[in-house]
Amino acid sequence: MKIPQISIVAPLYNESETFPMLVERINALMDSSPLAIEVVLIDDGSKDDTAMRIRQLALTDERYHGVLLSRNHGHQLALTAGIACAKGTEALFVIDGDLQDPPELLPEFYKLLKEGNDVVYAVRRKRKEGWLKRTGYYLFYRLLRSVSYVEIPLDSGDFALISRRVVDVLNKMPEESRYLRGMRSWVGFKQTGFEYERDARAAGESKYSLKQLLGLAYNGIFNFSEFPIKFMSRTGVLAILISLIYFITVVIKKLFFVQVVEGFTALLFVIILFSGVQLLALGIIGEYVLRIFFQSKGRPLYIVKEEIINREYI
Ligand code: UDP
Ligand code: MG
C-alpha cells in the first residue's frame, strides 16, 4: 500500500458490539476516498473480544494498524498511544470508536485542513444524550472557558483532524494527566471549528464511568487554569476581612453599649464555615501535589502490549 497520508485513530474499550459497524463504515469511507488512509485501532485493555477482532483485522487488511495496550489505561491515554503510533504523514483524524463521531465527515474536515488550518475540531451542535449529561457538559465547558488560560473552544471534544506538525508537538508533551482537547488548543497554529450533530452511540453503553468523566473534567480545570488556587487564596483573604469586620463591630458594640450577648449560633456557624474553607483549600493544594507526584515518577504514560501492522509500502 501507499504510505498513508491520513491516519484514522479510534480507541476501543469493550466495543465488540459496535466493531462490525465501525469497520463497515470506515471501509466504505476508504473505498470512496482518493486519500491514502490507514486506520489505527487501539484496544484499551478490553475484557471482551475487541483485541482479538483488532488483531485479526490488522493481520488480514493492510490498511488496519492495531495497537493493543497491556491493560485499561483510559480513553485519553489510549488516544495518546494511538496518536504516537499513527503513521499518517499529513494528518490524524481522531474519532470515538462508538460511531458517535461520524467518520464520513473526513472529506469535509480535510477540505478545511487544505484551506490552511492545522487543526479542524468538531463542535457539537446537538447532542443525542440524556438531559443530565447534556446539561453537565454544557455547564462544564462554560466554566472551563471562563477560568482557562488557554482558549479552549466550547463544546468540542477530541474529535478532530490534526496536522502532522501539531501531532509531532503533542507527541513531545510528556504530561501525565492528559486533557488532549486542551493540549491541542495550547499548541496553537491555525485552528477552526466544524459544526456537526453528535450521534448517539451505535450500540452498547458508554464506556466512560462517572468517575472517569469527573477525572477528565478535573484535568481540564486543574491543568489549564490557575483558578482553583487563586480562588483559594481569595477566599482566604475574604474570610480574614469578614472576621476583621466582625471583630471591629463587636468592639464598637462593647464600647457603646453596656452589655452585649453574642450568640453561640454565630460562633458555631463561623467555625463550621471556615473548617470547610480550610478543608477545601487543603484539597485544592492536594490536587496540585498529586499531579506533581504522578509526574515526578516519570513512568511511561501507557504500555503497548502488541502492535500489529502487516503491510509493505510501495
Ligand atoms: N474508551 C477507551 N477507554 C476507556 C473508556 C472509553 O478507550 O477507558 C473509548 C470507548 O471505547 C469509545 C471512546 O473511548 O470509543 C469514548 O468513550 P465513550 O463512548 O464510552 O464515552 P462517551 O461518548 O459516553 O463520553
Ligand atoms: Mg461515546
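Two strands count as paired if DSSP finds at least two bridges between them. With that in hand, we can walk through this structure, which is a predicted model.

## The sheet

Let us start with one bridge. I8 has F93, in β4, as its bridge partner. The strands concerned, β1 and β4 (residues 91–94), pair in the parallel sense over 4 bridges. Helix α2 (residues 50–60) packs on the sheet, where it touches β1, β2 (37–43), β3 (64–69) and β8. The direction of α2 makes about 150° with that of β3.

How are the strands ordered in the sheet? The sheet is open and is formed by 8 strands in the order β7-β5-β6-β4-β1-β2-β3-β8, with mixed pairing. At its edges stand β7 (191–198) and β8 (304–309). Each of these two has a single partner strand, so one side of each is left without a neighbour in the sheet. On average, neighbouring strands are turned by 20° against each other, with direction ignored.

Here are some of the pairings, with their bridges and sense.

| Strand pair | Bridges | Sense |
|---|---|---|
| β1 and β2 | 7 bridges | parallel |
| β1 and β4 | 4 bridges | parallel |
| β5 and β6 | 3 bridges | antiparallel |
| β5 and β7 | 8 bridges | parallel |

Individual residues help to place these pairings on the structure. V9 stands opposite V40 in β2. On β5 (residues 119–127), which joins β6 (residues 160–163) in the antiparallel sense, V120 stands opposite L161 in β6. R127 faces the other partner, standing opposite R198 in β7.

## Covered elements: β2 and α3

In a regular strand the side chains alternate between the two faces of the sheet. Strand β2 can be read in that light: I37, V39, L41 and D43 point one way, while E38, V40 and I42 point the other way. Are these residues of β2 buried or exposed? On both sides, all are buried. The strand is mostly covered, with 7 of its 7 residues buried.

Helix α3 is mostly covered too, as 9 of its 11 residues are buried. The buried residues in α3 are H75, Q76, L77, A78, L79, T80, A81, G82 and I83.

## Around ligand 1

Helix α3 also matters for the next topic, ligand 1. Which residues come nearest to ligand 1? Of the 17 residues around ligand 1, the nearest are P11, Y13, G97, S206 and K207. Two elements, β1 (6–12) and α3 (75–85), give two or more residues to this shell. By class, the shell holds 5 nonpolar, 6 polar and 6 charged residues.

## The helix in the open

Helix α9 (residues 227–256) has 30 residues. From its first C-alpha to its last it reaches 43 Å, close to the 44 Å expected at 1.5 Å a residue. Is α9 covered or in the open? Of its 30 residues, the number buried is 0, so α9 lies largely in the open.

Two of its residues illustrate this. I245 has its place in α9 and is exposed, because it has 10 other C-beta atoms within 10 Å, and 12 or fewer make a residue exposed. From I245 to R201 the separation is 44 residues in sequence and 56 Å in space, C-alpha to C-alpha. V250 is also found in α9; with 12 C-beta neighbours inside 10 Å, V250 counts as exposed. V250 and K305 lie 55 residues apart in sequence and 68 Å apart in space, again C-alpha to C-alpha.

## Two loop residues with positive phi

Most residues other than glycine have a negative phi. Against that background, two loop residues are worth a look. L99 has a phi near 65°, a positive value in a residue other than glycine. The place of L99 is the loop between β4 and α4 (106–114). With 20 C-beta neighbours inside 10 Å, L99 counts as buried, because the cut-off for burial is 20 or more.

For F189, phi is also near 65°, a positive value in a residue other than glycine. F189 sits in the loop between α7 (180–187) and β7. Why does F189 count as partly exposed? F189 has 14 C-beta neighbours inside 10 Å, which falls between the limits of 12 or fewer for exposed and 20 or more for buried.

Definitions and conventions:
Residues numbered from 1 in each chain as written. Chains lettered and ligands numbered in written order. Predicted model: local features only at pLDDT ≥ 70, side-chain atom pairs only at ≥ 80, totals over all residues. Near = placed C-beta within 6 Å. Nonpolar A, V, L, I, M, F, W, Y, C, P; charged D, E, K, R; others polar. Expected span 1.5 Å × (residues − 1). Axes fitted to C-alpha atoms, helices over the stretch in contact; angles between N-to-C directions. Contact = placed C-beta atoms within 7 Å.
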